[in-house]
Amino acid sequence: MNIKLPLFALLLFSCIAVQAQRKSDLINEINLLRAQLDSTNIELASAKKNGTVNAEKATSFEKQVHELQDANTTLLKNLNSFAQISSKNSESVNKALASLEEKEKQLSIFTDAISSHDSTAVVVLTNTKQILGEDAKIGVTNSSTVVISKDLTSLFGTDTNTTVTEETKTWLSKIASILNTNPNTVITIEGLSMTGDLNTPTLQASSISNILIKDLAINAERVSIEVKDGGFKEGINFKIHPNYEAFYLTAREGVKNGNK
């Protein structure tokens, strides 16, 4: 009996020691699991937080994508509008260039005609000096009109006479020769009065005009008369110049054709 008691005590102590060890192990395992749980909870919370942030970022990115899509659509519309406007502007520029080209052609016609008139004046001046001589009173006005001045006495014998002398008829044949040599010119017979009486210079200019037309066979369309107050001058000016009326008609026709 005494032998069994210590053995029982030993077994009891062993059982107690084992249980104590198992309890300690369980506590350690529980503590470990709690630590793992806490770590997991922290990671979960962090994941949730990151998920929220990522969701917000995703929403922001999605919003930016929509905004970029809208901006791209607007840019495409603007590009199409710009292309249409550019096309219209290009058409307008082409039309403007065509119009400028047409105007340049018209201006070229006028410029060529004016240059031709200036050149004609040089030729007429040369011919006039050759035919009438260097002593004749010859000048040039407006760069295209050759003016031959004669006093009334040399043409009519007196200041008031309206019938030319025989010498004048011979001299007028030289004027007709100048006109025949330059068929593109016309002549204006200008009567000047310093008394205010325009009737006498009108009759004088008409007398000269009739001789050129009837006696010297100058086309009537090439001869015209003009009378004015000469101030302190009197006499007859023979103005040989290009056909301004024909030039005007050419210019008007050019403008008309350019506007069609």
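**Close-up views of a predicted model**

**View 1. Residues around the largest pocket.** In this predicted model, the lining of the largest pocket is made up of K137, S149, K150, D151, L192, K228, G230, K233, E234, G235, I236 and N237. Two elements each give two or more residues to this lining: β2 (145-150) and β5 (235-242). The largest share comes from β5, with three residues.

**View 2. Size and character of the largest pocket.** The volume of the largest pocket is about 180 Å³. Rolling a probe the size of a water molecule over the atoms shows where empty space is left. Which classes of residue line the largest pocket? Six lining residues are charged, four are polar and two are nonpolar.

**View 3. The open sheet.** Five strands form an open sheet. Their order is β1-β2-β5-β3-β4, and the pairing is mixed. Which strands sit at the edges? The edge strands are β1 (137-141) and β4 (223-229), and each pairs on one side only. On average, neighbouring strands in this sheet are turned by 25° against each other, direction ignored. Follow the strand order and find β2 followed by β5. These are the elements that give two or more residues to the lining of the largest pocket.

**View 4. Where β1 meets β2.** β1 and β2 run antiparallel. How many bridges join β1 to β2? There are five bridges. Look for T141, which stands opposite T145 in β2. The edge strand β1 covers 137-141. K137 also belongs to the lining of the largest pocket.

Key: Residues are numbered from 1 along each chain as its sequence is written. This is a predicted model: local features need pLDDT of at least 70, side-chain atom pairs count only at pLDDT 80 or more; totals for chains, interfaces and linings use all residues. Side-chain values use heavy atoms; hydrogens and water are left out. On a 1 Å grid over the protein atoms alone, a cavity is a set of points where a 1.4 Å probe fits but cannot get out, and a pocket is an open set with protein on both sides within 12 Å along at least five of seven lines; lining residues have an atom within 4 Å of a point. Grid points are joined across faces, edges and corners, and a volume is the space filled by probe spheres set on the points. Helices (H or I, at least four residues) and strands (E, at least two) are DSSP runs, numbered from the N terminus. Ala, Val, Leu, Ile, Met, Phe, Trp, Tyr, Cys and Pro count as nonpolar, Asp, Glu, Lys and Arg as charged, and the others, Gly among them, as polar. Two strands pair if DSSP finds at least two bridges between them. Axes are lines fitted to C-alpha atoms, for helices over the stretch in contact, and angles run from 0 to 180 degrees between N-to-C directions.
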